[in-house]
Amino acid sequence: MGLRRSYLFRDTIVISAIPPADPAASWQVGFVLADSGWSGAKTTPANGKTDEQGQPYVTIPLENEKGFKANLRLYGSHWF
């Protein structure tokens, strides 16, 4: 008998990040979960927030039928 695997959360998140035309403006960050039929689903804007150190980030809410519920934080930084 094989080992039965169980996942707390198993889904693909497709994230789009569009830079602003004006460098002073914010990026447009959105996401789609694959289980929601991503090929025809609308992109949901991610919520922009600031952490305790003043660093900006966006959150993506994650939840499923098993009762899993969390927020994924995405931080961005300049590449040098």
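Strands here are DSSP runs of E with at least two residues, and helices are runs of H or I with at least four, both numbered from the N terminus. With that in place, I can say that Val29 lies in strand E2, and I will come back to that residue later on. What I am showing is a predicted model, in which local features need pLDDT of at least 70 and side-chain atom pairs count only at pLDDT 80 or more, whereas totals for chains, interfaces and linings use all residues. Residues are numbered from 1 along each chain as its sequence is written, and side-chain values use heavy atoms, with hydrogens and water left out.

Let me start with the overall layout. The protein has six strands and zero helices, so that, by the DSSP runs I defined, its pattern along the sequence reads β-β-β-β-β-β. Of its 80 residues, 16% are buried, where buried means under 20% relative accessible area, exposed means over 50%, and partly exposed is in between, using a 1.4 Å probe and protein chains only. Taking contact to mean heavy atoms within 4.5 Å, residues 24 or more positions apart account for 22% of the contacts with a separation of 6 or more.

Now to the sheets, for which two strands count as paired if DSSP finds at least two bridges between them. As general background, strands of a sheet pair through backbone hydrogen bonds, either parallel or antiparallel.

One open sheet has three strands in the order E1-E2-E3, with antiparallel pairing. E1 and strand E3, residues 44–45, stand at its edges with a single partner strand each, so one side of each is left without a neighbour in the sheet. E2 and E3 are joined in the antiparallel sense over two bridges, and Phe31 has Thr44 in E3 as its bridge partner.

Another open sheet of three strands runs in the order E4-E5-E6, again with antiparallel pairing. Its edges are strand E4 (47–50) and strand E6 (69–75), and because each has a single partner strand, one side of each is left without a neighbour in the sheet. The twist in this sheet averages 40° from one strand to the next, with axes taken as lines fitted to C-alpha atoms, for helices over the stretch in contact, and angles running from 0 to 180 degrees between N-to-C directions. Strand E5, residues 56–63, pairs with E4 in the antiparallel sense over four bridges, and E5 pairs with E6, also antiparallel, over seven bridges. E5 and E6 form a hairpin with five residues between them, and Gly67 in the turn has a positive phi of about 100°.

Thr59 is a useful residue to look at here. It is placed in strand E5, opposite Asn47 and also opposite Arg73 in E6. At 5% relative accessibility Thr59 counts as buried, and, leaving aside neighbours within four places in sequence, its contacts are Ala46, Asn47, Lys49, Leu72 and Arg73.

Which residues make up the largest nonpolar core? A nonpolar core is a set of buried Ala, Val, Leu, Ile, Met, Phe, Trp, Tyr and Cys residues joined through side-chain atoms within 4.5 Å, and the largest one has seven: Val29, Phe31, Leu33, Ala46, Val58, Ile60 and Leu62. Strand E2 (28–33) and E5 each supply at least two residues of this core. To return to Val29, residues that it touches beyond four places in sequence include Ile15, Thr44, Ala46 and Val58, and its C-alpha is 6.4 Å from that of Ile18, eleven residues apart in sequence. For Ile60, on the same basis of more than four places in sequence, the residues touched include Ile13, Phe31, Ala46 and Leu74.

Finally, the rings. Rings of Phe, Tyr and Trp (its six-membered ring) pair if their centres lie within 6.5 Å, with planes under 30 degrees apart counted as stacked, over 60 as edge-to-face and the rest as tilted, and by this rule there are two aromatic pairs. The rings of Phe9 and Phe68 have centres 5.3 Å apart and planes at 35°, so this pair is tilted. Phe9 lies in the segment before strand E1 (13–18) and Phe68 in the loop between E5 and E6, so the pair ties together parts 59 residues apart in sequence. For Tyr57 and Tyr75 the centres are 5.2 Å apart and the planes at 40°, so that pair is tilted as well. Tyr57 is buried at 9% relative accessibility, whereas Tyr75, at 44%, is partly exposed.
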